[in-house]
Amino acid sequence: MTDQAPAAATESPDIPGKPTSASRTTLSHIMTHNDTNLLGTVHGGVIMKLVDDAAGAVAGRHSGGPAVTASMDEMAFLEPVRVGDLVHVKAQVNWTGRTSMEVGVRVLAERWNESAPPTQVGSAYLVFAAVDADGKPRRVPPVTPETERDRRRYQEAQIRRAHRLARRRAIVELREKRAAEGFED
């Protein structure tokens, strides 16, 4: 499963595929005192909102319409972000299903008044579902990876999807078993 190239043409023959670069985007924001916690660093929730905003823009661009956050996986905070940091949130579609897509996000920060290269301070993977005007799922174009890095991300996204589905099945099975044994949660 993970060592095969994406079959863009066979996954969605009625919707043409889009290259990874078609929806890739960067959102930049300067951090202020309004963004800080009691330690004087930027709230993780502020960074998570920027991540969700950038990923949502990418999902909407790729799918050609509204898309909603279905889940966020593996949000990692690698370094603290401080007041005065210019934060860049880079996002792209890594993988697409029939109505959903995984968006990978890298968070970089640099001092607003220095010319040093930015440092990666976080990363996350989000799953978005494309929806129509009534909030019902709608088809998305398949993503077409363009580079080796894009192909690696596509394969890794397939692994994350398999883990999400297996985890969901295991939880449902456990809850059913506990309910059959008379336990209420």
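## A pair in the sheet

Gly 104 has Tyr 125 of strand E6 as its bridge partner. The model is predicted. E5 covers residues 100–111 and E6 covers 119–130. These two strands run antiparallel, with 10 bridges joining them.

Helix H3 packs on the sheet. There, H3 touches E3, E4, E5 and E6. The direction of H3 makes about 75° with that of E4.

## The whole sheet

What is the order of the strands in the open sheet? It reads E2-E4-E5-E6-E3, 5 strands with antiparallel pairing. The edge strands are E2 and E3, the latter spanning 67–77. Each of these two pairs on one side only. On average, neighbouring strands are turned by 25° against each other, direction ignored.

Helix H2 takes in residues 44–63. H2 lies across E2, E3, E4, E5 and E6. Its direction runs at about 135° to E3.

## Thr 26 on an edge strand

Thr 26 is found in strand E2, which is one of the edge strands. Is Thr 26 buried, partly exposed or exposed? Its relative accessibility is 40%, so Thr 26 counts as partly exposed. The cut-offs behind that label are under 20% for buried and over 50% for exposed.

Beyond its neighbours within four places in sequence, Thr 26 is in contact with His 88, Val 89 and Lys 90. Strand E4 spans 85–96, and E4 follows E2 in the sheet order. Thr 26 and Val 87 are 61 residues apart in sequence. In space, their C-alpha atoms are 9.9 Å apart.

## The largest pocket

The largest pocket has a volume of about 360 Å³. It is lined by 19 residues. Which of them are closest to its centre? They are Gln 92, Gly 104, Arg 106, Arg 149 and Arg 153. Gly 104 is thus named here as well as in the bridge to Tyr 125.

Several elements each supply at least two residues of the lining: E2 (25–30), E4, E5, E6 and H3 (148–180). H3 gives the most, with 5 residues. By type, the lining divides into 8 charged, 7 polar and 4 nonpolar residues.

## Sheet and pocket together

The same elements recur. E4, E5 and E6 belong to the open sheet, are touched by H3 and supply residues to the lining of the largest pocket. Edge strand E2 also contributes to that lining.

How values were computed. Residues numbered from 1 in each chain as written. Predicted model: local features only at pLDDT ≥ 70, side-chain atom pairs only at ≥ 80, totals over all residues. Heavy atoms only, no water. 1 Å grid on protein atoms, 1.4 Å probe; cavity = no way out; pocket = protein on both sides within 12 Å on 5 of 7 lines; lining within 4 Å. Points joined across faces, edges and corners; volume = space filled by probe spheres on them. Helix = DSSP H or I, 4+ residues; strand = E, 2+ residues; numbered from the N terminus. Nonpolar A, V, L, I, M, F, W, Y, C, P; charged D, E, K, R; others polar. Pairing = 2+ DSSP bridges. Axes fitted to C-alpha atoms, helices over the stretch in contact; angles between N-to-C directions. Contact = heavy atoms within 4.5 Å. Buried < 20%, exposed > 50% of the residue type's maximum accessible area, 1.4 Å probe, protein only.
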